[in-house]
Structures are given as structure tokens and as C-alpha cells.
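Got your viewer open? Let's take a walk through this one, from the overall fold down to a couple of side chains.

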Amino acid sequence: MDGNGRWATAHGYSRSAGHEAGLRAARNIVEAAVREGVGTLTLYAFSSDNWKRPGAEVTALMRLFRRALLGEAKRCLDNGVRLTILGRRDRLPSSLRHTVEQVEALTASGANMHLRVAVDYSARDAVLRAASALRGDSVSREAFGELVARVDNDRLPARDVDLVVRTGGEQRLSDFLLWECAYAELKFVSKMWPDFTADDLAEALADFRGRNRRFGLAPEQVAS
Ligand code: IPE
Ligand code: MG
């Protein structure tokens with residue numbers, strides 16, 4: 001969800017107003033993703049490196065996350081969306097941590113789509129913590145993937161990412177799900193996140209469906 005700040009500046013608003021607009025976009029995209037039949041949607045809301053932003057912006061974002069969770073919980077429940085937070089939790093404000101736990105418990109039975117919101121998330125840190133947990137043992141890719149998921153409180157079975165959509169014009173992963181994105185299809189969109197619509201999501205999914213995924217095989221092996 002990149003581009004809230006630039007969107008706000010372009011419209012003469014504060015960065016906070018940009019993040020508010022980003023929340024409205026996220027609400028639309030979650031509902032659109034349910035309609036599109038997406039199984040798991042992960043929204044990258046706050047990376048571990050985002051703590052380095054000015055304190056006022058960080059504080060405003062933490063407040064916005066809490067308000068958004070409280071405000072969206074019922075909508076998730078009504079849409080059958082299971083909402084979980086991906087990332088480490090020990091550095092979140094305790095009020096936010098409690099809200100996260102409440103909303104996760106409330107929406108736990110949601111079966112239409114799993115919505116993961118990545119907050120204080122760093123893929124590199126996740127891989128490092130998973131590797132430390134091994135204490136030198138060697139394990140399969142699958143078992144390591146489960147460890148990577150578990151260190152960030154992802155209680156569901158680990159899954160590879162199929163498609164990454166990044167808005168805001170930058171073409172990089174920025175420490176997002178590095179292990180899980182080994183064979184992800186990448187889609188970069190120049191629109192800022194607040195301008196990203198259900199039609200843009202549909203277009204990204206149509207593009208994805210047209211991709212030829214080979215996972216290292218030769219083309220004729222995939223065709224057969
Ligand atoms: C994305 O918007 C949301 C967060 C990282 C919290 P940005 O805040 O990165 O917006 P730009 O990139 O400055 O426009
Ligand atoms: Mg940005």
C-alpha cells in the first residue's frame with residue numbers, strides 16, 4: 001500500500017490525511033478481493049524500517065491502525081473475513097496489541113478470505129529468527145517455511161505468495177515476504193495507493209491469470 005504520503009502532498013493534504021485515504025482504499029480492496037475469490041490477501045501497512053519515520057507520523061499511524069481494527073472488525077465478520085496481523089508484536093503500543101488480539105479472536109471463524117495486515121513486519125528479521133530457532137538443525141523447505149510463518153504469529157499453514165501488487169510507482173520488494181515470494185509474480189502499478197480501485201485489482205488479477213508460471217521447469221514440461 002505505497003504512495004499515501006505522495007498522494008496527500010499532491011492534493012495539498014497532510015500525510016495523515018493520506019493515510020486516512022489509504023484506509024478507505026484498503027476497505028474497498030478487501031471487499032473487492034472477497035468478491036474476486038482471493039484466498040489470502042496481505043496488506044503491507046508498516047515495515048519494521050518505518051519505525052525510523054518522524055515520531056509524529058509513527059504515532060498517528062499506530063492510532064490509525066487501532067481505530068481501523070476497531071472500525072473494520074464488524075465488516076470483516078459480516079464478510080466472512082478472518083483478520084490477522086503479521087509481524088512482531090512486542091514493539092506495538094499495548095493498546096494496539098490488545099485490539100489486535102480482540103479482532104483476531106472475533107474474526108477467527110471467517111472462512112471467505114484470510115486478510116493479513118503486516119505491521120512491524122520485516123521478512124529478513126523473520127528469516128533470521130526462524131534460522132535461530134533451528135539451532136543448527138537442517139530442515140526441509142516446507143518446515144522452514146512453517147517456522148518463518150510462526151515467528152510472525154501466522155498461525156495458519158505457511159503459503160507461498162502468488163502475486164505481489166505494489167502501488168506508488170516503486171519497483172522493489174522492500175523486505176516483504178522474501179521467503180514466501182520465491183516464485184511470486186510481480187505487478188507494479190504507478191497509481192498511488194489511495195487511488196487504487198477494485199477495477200485496478202481486477203486488472204492485476206487478470207494480468208496474473210495470463211502469466212506463464214514455470215517454477216523452474218522447461219516450457220514443454222509445463223504445457224504437458
Ligand atoms: C504507504 O504510504 C503507507 C505506509 C508505509 C505507512 P507511504 O507513507 O509510504 O507514502 P509515500 O511513499 O511517502 O508516498
Ligand atoms: Mg512509501
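Start with the C-alpha trace: its radius of gyration is 18 Å, which agrees with the value near 17 Å for a compact globule of 224 residues (C-alpha atoms only; the globule rule is 2.2 Å times the number of residues to the power 0.38). Line the trace up on its principal axes and you'll see spans of about 50 × 40 × 35 Å.

A word on ground rules: this is a predicted model, where local features need pLDDT of at least 70, side-chain atom pairs count only at pLDDT 80 or more, and totals for chains, interfaces and linings use all residues. Residues are numbered from 1 along each chain as written, chains are lettered from A and ligands numbered from 1 in the order written, and side-chain values use heavy atoms, leaving out hydrogens and water.

Now switch to cartoon. You get eight helices and five strands, running α-α-β-α-β-α-β-α-α-β-β-α-α from the N terminus; these are DSSP runs, with helices being H or I of at least four residues and strands E of at least two, numbered from the N terminus.

Next, color by burial. Buried residues make up 43% of the chain, where buried means under 20% relative accessible area with a 1.4 Å probe, protein chains only.

Finally, select the cysteines. How many disulfides does a search of the whole structure find? Zero, taking a disulfide as two cysteine sulfur atoms within 2.5 Å. While you're there, click Cys-76, buried at 6% relative accessible area, then Cys-181, which also counts as buried, at 9%.

Notes. Buried < 20%, exposed > 50% of the residue type's maximum accessible area, 1.4 Å probe, protein only.
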